[in-house]
Amino acid sequence: MSKARSAYSISGKKEKFDTHIIVVWVDNEAGVLARIAGLFSGRGYNIESLAVAEVDKKLNISRITIVTTGTPQVVNQIRLQLKKLVPVHNVADFKREDKRVIFKEMALLKIVGKNEKRDKALKACKKFNPVILDKTNKSFVIQITALRREIDKMIVDLKKFGLVSVSRTGAVAMTRGAEIFK
Amino acid sequence: MSKLYTGAEIVFKCLEDQGVDFIFGYPGGAVLPIYDELKNHKSIKHILARHEQGAGHAAEGYARSSGKPGIVLVTSGPGATNVVTALTDAYMDSVPLVCISGQVPTHLIGTDAFQECDTTGITRPCTKHNWLVKDIKDLAKTIHKAFEVATTGRPGPVLVDIPKDIQFNKFSYSKLKKQKKINGKTHNFYTQTNIDELIKLIKKSKKPIIYSGGGVINSGLEASKLLREFVNATGFPITSTLQGLGAYPGDDSQFLGMLGMHGTYEANNAMHGCDLMINVGARFDDRITGKIDEFSPKSKKVHIDIDPSSINKNVKVDLAIVGDVASVLKNTIKKLKKQKPNFSNSNKSNISKWWEQIQKWRSINSLAYINSEESIKPQYAVQRLYELTKNKDTFITTEVGQHQMWAAQHYKFDKPNRWMTSGGLGTMGYGLPAAVGVQIANPNKLVIDIAGEASVLMTMQEMSTAVQYSLPIKIFILNNEYMGMVRQWQELLHDKNYSESYTAALPDFVKLAEAYGCVGIRAKTPEELDDKIIEMINTDRPVIFDCLVDKVENCFPMIPSGKPHNQMLLGPKDQKENKITGKGKTLV
Ligand SMILES: Cc1ncc(C[n+]2csc(CCOP(=O)(O)OP(=O)(O)O)c2C)c(N)n1
Ligand SMILES: [Mg+2]
């Protein structure tokens with residue numbers, strides 16, 4: 001067999017995959033999310049998480065934050081392909097390691113069980129700005145904000161304290177300091 | 001208050017403002033208000049296709065031969081789904097189309113109404129952009145924007161979906177205001193430094209090659225002129241992609257022929273061995289590059305393209321110049337002439353060894369074939385067709401298969417917009433309807449579809465369109481009774497298991513022509529071929545020409561799957577040593 005992987009593949013050598021956070025400003029119009037998601041699925045790009053909401057009512061702009069993985073070449077393609085879409089105004093792209101940018105996810109955790117277990121659960125969340133949003137004598141709903149992997153870990157750790165349900169957002173991002181993206 | 005117009009009237013107001021003279025379409029329930037309005041707009045002529053795919057390809061042929069956008073009008077549901085192949089074809093080959101589709105009334109959307117489909121959903125990945133117009137106030141604005149998106153930057157298809165109630169609603173119409181740019185998006189992103197770098201590379205190179213593509217044609221007539229000037233000013237050899245043919249004269253001595261999978265030996269070897277590759281409006285498609293990690297290993301690569309996402313998509317380049325090729329070429333020529341007024345002469349010795357090498361490759365004569373006295377060789381048929389029509393400013397369309405490659409190899413184009421073929425999508429059935437569109441745009445010109453018997457049956461119904469509008473298109477079928485290209489791959493890759501590639505029960509094409517009310521001609525021997533071709537040319541009506549060719553001829557040269565440019569199969573005798581092995585077999 002020939003040693004070539006494939007004649008028409010992008011490259012024979014394996015390139016490193018990086019995690020990137022891509023921020024996209026779009027017109028808040030019907031179907032825009034389908035265009036973005038369709039671009040990713042159609043071209044075989046990854047979406048690890050996606051968060052979207054309108055950020056400017058007057059200009060009708062939504063801000064989408066997408067976490068994706070890919071080789072530098074693929075991430076570059078993602079950026080350039082996104083830019084071509086008509087409702088897209090601007091695209092920013094950061095590596096997850098980028099120290100100039102803050103990334104955060106939010107999770108809602110429902111803990112059911114005896115008092116002391118619930119208190120232990122709350123304690124375990126300490127580092128992640130826990131807020132109790134709902135409280136009964138059997139349950140808590142706790143809101144935490146943290147990095148993806150921190151939330152991943154909390155979900156495992158809290159099982160033993162009665163975690164029964166999790167709802168989480170995708171990551172959102174913001175630059176540090178006075179600087180803004182645009 | 002300003003005058004109120006119905007949605008259907010507004011559609012035509014927009015089309016008139018955009019200078020539209022032809023619409024290719026097919027009526028149905030959801031577009032009836034628009035069809036009703038047609039009678040009031042004498043400057044716009046509707047061409048009734050026989051299938052919406054045909055309407056779409058006809059609009060493509062119109063667009064590519066005229067440089068203007070093609071307009072398609074279809075009904076909802078099946079009308080819209082039938083046009084999807086043509087939209088995808090136009091998307092892949094960067095053809096500007098504006099497709100207007102009817103939709104069920106807004107209050108029925110989402111109810112699985114009769115002939116409802118999610119048209120914008122289905123066409124989202126095969127258009128540059130699409131719109132569902134839900135408010136009559138947005139209609140005019142949307143249609144004008146659709147034209148702008150289709151025709152600016154890298155051109156492509158767009159679709160505007162108009163629910164039937166919107167076509168009846170009334171609103172005012174304000175004339176088109178020319179906008180400068182969409183969304184702040186301009187198209188020239190390059191700097192003078194980029195041009196300076198390019199010139200530095202040009203001056204240094206000992207083994208240069210220019211590789212031009214469809215972007216030159218899309219950029220307009222000026223770009224083709226500038227390309228010729230650029231080639232002349234540098235003295236460099238030039239090769240072209242399938243879509244770029246005609247931008248540079250095919251019979252010029254600096255032209256090395258087409259490159260890629262069925263490109264010439266000299267073009268592919270020059271691409272492989274060069275030290276400087278200047279890509280002008282092409283996109284490093286896989287049919288061009290062959291095995292990507294062995295693609296042109298020692299060259300500096302320059303990529304001139306209007307689409308930033310084309311840069312570094314398949315091949316990493318050393319210098320990217322993002323902009324309209326006409327603008328970039330103009331700047332480059334100006335600078336080069338200023339710095340070195342007589343560059344092509346003064347640089348001659350610098351690249352003379354390279355030209356010697358190219359002449360050696362050329363002398364292999366890779367397009368040669370073994371001719372026959374008994375049967376018509378398909379290559380011979382194309383050559384004769386070329387010789388007998390070359391003085392006529394002929395327009396050629398093709399279907400997809402071996403005949404398409406033979407046409408590209410043996411028909412020499414010396415002007416842009418004369419060659420219409422489905423390259424990116426490879427759509428069998430493209431050529432006949434495309435010829436209809438080309439003939440509409442070029443009423444007194446000779447328009448020939450070089451066809452395969454299998455492909456042409458996919459959209460044969462459009463012969464009826466040609467007859468209705470007295471379009472004297474010529475369907476020149478290289479009839480080998482096989483899906484020849486499929487048979488060729490089966491011969492090379494699947495031990496001659498010709499699974500389902502023989503086209504049994506073919507119609508009698510001459511009788512078929514007569515049934516459509518056009519003229520059928522058949523050529524069986526090389527001896528009678530010339531006379532029959534001349535008869536075809538002299539027939540002022542649509543013709544189906546059934547050219548019975550050698551059934552087992554293969555298309556060479558060929559870069560087999562899994563091989564780089566410098567390992568081409570030259571002909572039948574060459575196959576043994578260069579057999580496609582291993583993973584190469586799994587490639588398409
Ligand atoms: C719509 C469509 N279906 C299938 C194919 C795959 N295909 C490529 S070439 C070919 C055979 C074409 O046969 P014919 O038109 O007779 O041309 P020839 O190769 O014999 O010249 C086929 C089936 C295609 N390109 N398009
Ligand atoms: Mg055939």
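**Domain contact and cysteines in the predicted model**

Two residue pairs, both at pLDDT 80 or more, are in polar contact between domain 1 of chain A and domain 2 of chain A. A polar contact is a pair of N or O atoms within 3.5 Å; within protein, one must be able to donate a hydrogen and the other to accept it, and residues adjacent in sequence count only if both atoms are side-chain atoms. The model is predicted: local features need pLDDT of at least 70, side-chain atom pairs count only at pLDDT 80 or more, and totals for chains, interfaces and linings use all residues. Residues are numbered from 1 along each chain as its sequence is written, chains are lettered from A and ligands numbered from 1 in the order in which they are written, and side-chain values use heavy atoms, with hydrogens and water left out.

Zero salt bridges (a side-chain nitrogen of Lys or Arg within 4 Å of a carboxyl oxygen of Asp or Glu) link domain 1 of chain A and domain 2 of chain A. The two domains of chain A bury about 700 Å² between them, as accessible area (1.4 Å probe) lost on being put together, summed over both. Carbon and sulfur atoms carry 64% of that area.

The structure holds zero disulfides over all chains; a disulfide is a pair of cysteine sulfur atoms within 2.5 Å. The sulfur of Cys14(B) lies 15 Å from the closest cysteine sulfur, in Cys99(B), too far for a bond. Cys99(B) is in no disulfide either; its nearest cysteine sulfur, that of Cys126(B), is 9.4 Å away. Cys14(B) is buried (under 20% relative accessible area, 1.4 Å probe, protein chains only), at 0% relative accessibility. Cys99(B) is also buried, at 0%.

Key. Buried means under 20% relative accessible area, exposed over 50%, partly exposed in between (1.4 Å probe, protein chains only).
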